[in-house]
Amino acid sequence: MIKNTENDYGVIAKIFHWLLFIMLSFMIFAGNTMSGMPKGAEKLEMAGMHKSFGALVLTLIMFRLIWKLMNTTPQAPKGTENLQALAAKIMHWGLYVLMFAQPISGIVMSQAAGYPVSFFGLFDFPMLLEKSQSLGQLAHSAHGIIWIVLIVAVVGHAGVAIHHQFIKKDGALKRMSF
Ligand code: HEM
Ligand code: HEM
């Protein structure tokens, strides 16, 4: 089934979920590898790739959100208390905020420093910001923190899913599996 139903996630939501899990993990690994490299042509080339992939990830997150808004959100598994269902809803929206905040802070950091963001050399995104050292520094700090908050949130999120699957045995993980 393509779309979500009252009880299950559809195949598009599942593809978005796991594709972005892989891409975000890869971006966090690549970002940290790049930060540890000495200044030079190689680092510059890697930064270009990181920014282009980051812009691609941001585009996918936008499509994922649009798809979520066009769909019913499945209800929490049977037997979940109201308060827990509310906590899950808040967590899911929080994860969206973090997913958006990481690439947006990257784009703000680059543009505020006066560097355009190119999409794999095909075109540059329009410059939306004036050069600003303070904004650039703020976005740089945010870009270095948000991914850590995202990892902590995802560990909690995955922990809850695993707890539901193996302790409560309500098939929670199956809802996001193919
Ligand atoms: C979801 C997408 C992204 C993820 C998960 C991500 C992740 C990271 C991580 C983990 C670092 C290393 C941070 C550190 O060492 O403190 C980093 C560095 C960096 N990112 Fe991203 N990033 C993303 C998107 C972007 C985008 C869209 C841009 C710009 C258009 C960007 C620009 C940069 C730059 C310039 C650095 C190097 C900062 C420095 O020199 O300290 N990132 N990124
Ligand atoms: C980058 C990492 C992750 C992010 C950002 C993320 C985000 C989300 C979001 C936002 C939802 C709500 C559905 C939607 O709106 O699309 C969701 C659902 C779900 N996620 Fe994740 N997730 C991540 C990783 C994981 C991992 C590693 C697991 C399992 C070990 C997992 C298991 C699930 C399950 C089972 C659901 C369905 C929950 C329900 O029954 O309502 N997720 N995830």
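## Surroundings of ligand 1

In this predicted model, the shell around ligand 1 draws at least two residues from each of four helices, namely H1 (11–35), H2 (41–70), H3 (82–112) and H4 (133–168). The shell holds 22 residues, of which Gly 31, Ser 35, Gly 54, Gly 106 and Gly 144 come nearest to the ligand. Sorted by class, the residues around ligand 1 comprise eleven nonpolar, ten polar and one charged.

## Surroundings of ligand 2

Around ligand 2 there are 19 residues, and those that come nearest are His 92, Val 154, Ala 158, Ala 161 and Met 176. Two or more residues of this shell come from each of H1, H3 and H4, and H4 gives the most, with five residues. By class, the shell around ligand 2 is made up of 14 nonpolar, three polar and two charged residues.

## Overall architecture and confidence

The chain contains four helices and two strands, which follow one another along the sequence in the pattern α-α-α-β-β-α. Measures of extent along the principal axes put the C-alpha trace at about 55 × 30 × 25 Å. Of the 178 residues in the chain, 15% count as buried, and among contacts between residues at least 6 apart in sequence, 65% join residues at least 24 apart.

The mean pLDDT of the chain is 96, and 100% of the residues score at least 70. Among the elements of the chain, H1 has the highest mean pLDDT, at 98, whereas strand E1 (residues 118–119) has the lowest, at 94.

## Helix H1 and the nonpolar core

Helix H1 has 25 residues, and the distance of 36 Å from its first C-alpha to its last is close to the 36 Å expected at 1.5 Å a residue. Its buried residues are Ala 13, Leu 24, Met 27 and Gly 31, and the buried residues of this helix pack against H2. One of them, Gly 31, is also among the residues that come nearest to ligand 1.

The largest nonpolar core consists of five residues, Leu 24, Met 27, Val 57, Ile 61 and Met 99. H1 and H2 each supply at least two residues of this core. Within the core, Ile 61 is in contact with Met 99, and Ile 61 also contacts Leu 20 and Phe 100, when neighbours within four places in sequence are left aside.

Met 91, which lies in helix H3, is 30 residues from Ile 61 along the chain, and the C-alpha atoms of the two residues are separated by 16 Å. Met 91 counts as partly exposed because it has 14 C-beta neighbours inside 10 Å, a number that falls between the limit of 12 or fewer for an exposed residue and that of 20 or more for a buried one.

## Helix H4

The 36 residues of H4 should span 52 Å at 1.5 Å a residue, and because its end C-alpha atoms are 51 Å apart, the helix agrees with that expectation. The buried residues of H4 are Ala 139, His 143, Ile 146, Trp 147, Leu 150 and His 164, and the buried residues of this helix pack against H1 and H3. H4 also takes part in the surroundings of both ligands, since it supplies at least two residues to the shell around ligand 1 and five residues to the shell around ligand 2.

## Residues with positive phi

Two residues other than glycine have a positive phi near 50°, Phe 120 and Lys 169. Phe 120 lies in the loop between E1 and strand E2 (123–124), and with 12 C-beta neighbours inside 10 Å it counts as exposed, because a residue with 12 or fewer such neighbours is placed in that class.

Lys 169 follows H4 and is found in the segment after that helix. Because Lys 169 has 10 C-beta neighbours inside 10 Å, this residue too counts as exposed.

How values were computed. Residues are numbered from 1 along each chain as its sequence is written. Chains are lettered from A and ligands numbered from 1 in the order in which they are written. This is a predicted model: local features need pLDDT of at least 70, side-chain atom pairs count only at pLDDT 80 or more; totals for chains, interfaces and linings use all residues. A residue is near a molecule or strand if its C-beta atom, placed from the backbone, lies within 6 Å of it. Ala, Val, Leu, Ile, Met, Phe, Trp, Tyr, Cys and Pro count as nonpolar, Asp, Glu, Lys and Arg as charged, and the others, Gly among them, as polar. Two residues are in contact if their C-beta atoms, placed from the backbone, lie within 7 Å. A nonpolar core is a set of buried Ala, Val, Leu, Ile, Met, Phe, Trp, Tyr and Cys residues joined through C-beta atoms within 7 Å. The expected span of a helix is 1.5 Å times one less than its number of residues. pLDDT is the predictor's confidence in each residue, from 0 to 100.
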